[in-house]
Amino acid sequence: QGFVARGLSSFSYNFSHGGTRGPEDVFTDLDAYASNCMRLEVADMVMTCKALAEEYPDHRLWLLGHSMGAIPTIFGARALLNTHIRIAGMILLAPVSQLDFWPEELIRKWTETGTIYMLNKRTGQDLPHGPELLSEIKTASTVWNTRFALQSISLPLLVIHGEADESVAPIHGQTLVEWANENGIHARLVRIPGTGHTFGTKHPFEGSTPALEQVMNEVTKSIRQQNLLLDQLTSDKE
């Protein structure tokens, strides 16, 4: 609704292996959840974007990811740029900058058991993370290196991070912008004082907050500015 009120359309989806089915609000498919990994999340994003591009061929498509969703967003963008699907830009909210942010002791236990269980504070469930995600974490400096991936993504990037983020330190967002700028990408970092990982919102959603309104305004501004630039480029070619 926030985007619609600002003249933008949006589409959200659940990852195929996210562990939820339909409108349910708890994780019921734990086998799927245990199999989830970045490879599958990238595939989900690519498939979704291809379907949207076919349905709305005249629309400009932006990718938006939150927290750990920054990883499939970045690698999904790279994969899409290798197809005929046109992407206008990326927006990352409270993003992690790399996949190997997990504590060493947890990785050690995960390696020993193959599957590690972690408590989801919202639902109170112990959720399983399987061996493929662990393998991806261990190859974060090579195969799943976000810094390298940004070298082949010539898209504008907006990063928004709360300065009081209790889950992902703001240095992550700053680092992504620095890496993007190294590669000549037009990247902008917006810091929002006094707000945390979800910009003051709760799940289930209880309404907007001043911090979320600032997020929406910054996203809208970036999209409109890029649209004006693309319109001008298109006009110059005609």
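1. A good place to start is helix α9, which gives the most residues to the lining of the second largest pocket, six of them. Please keep in mind as you read on that this is a predicted model.

2. The pocket itself holds about 430 Å³ of space. Two elements give two or more residues each to its lining: β2 (87–93) and α9 (210–237).

3. Which residues lie nearest the centre of this second largest pocket? They are I87, A88, L155, Q226 and L230, out of 23 lining residues. By character, the lining divides into 11 nonpolar, eight polar and four charged residues.

4. Now to the aromatic side chains: a search of the whole structure turns up five aromatic pairs. One of them joins F27 and Y33 in an edge-to-face arrangement, with 5.4 Å from centre to centre and 75° between the planes. F27 counts as buried because its relative accessibility is 15%, under the 20% cut-off. Y33, at 16% relative accessible area, is buried too.

5. Another pair is made by F101 and W102, and this one is stacked: the centres are 4.9 Å apart and the planes are at 20°. Are these two rings buried or partly exposed? F101 has 35% relative accessibility, so this residue counts as partly exposed, whereas W102, at 14%, counts as buried.

6. If you are viewing that stacked pair on screen, look for W110 as well: ring pairs link F101, W102 and W110 into a cluster.

How values were computed: Residues numbered from 1 in each chain as written. Predicted model: local features only at pLDDT ≥ 70, side-chain atom pairs only at ≥ 80, totals over all residues. Heavy atoms only, no water. 1 Å grid on protein atoms, 1.4 Å probe; cavity = no way out; pocket = protein on both sides within 12 Å on 5 of 7 lines; lining within 4 Å. Points joined across faces, edges and corners; volume = space filled by probe spheres on them. Helix = DSSP H or I, 4+ residues; strand = E, 2+ residues; numbered from the N terminus. Nonpolar A, V, L, I, M, F, W, Y, C, P; charged D, E, K, R; others polar. Phe/Tyr/Trp six-rings, centres within 6.5 Å; stacked < 30°, edge-to-face > 60°. Buried < 20%, exposed > 50% of the residue type's maximum accessible area, 1.4 Å probe, protein only.
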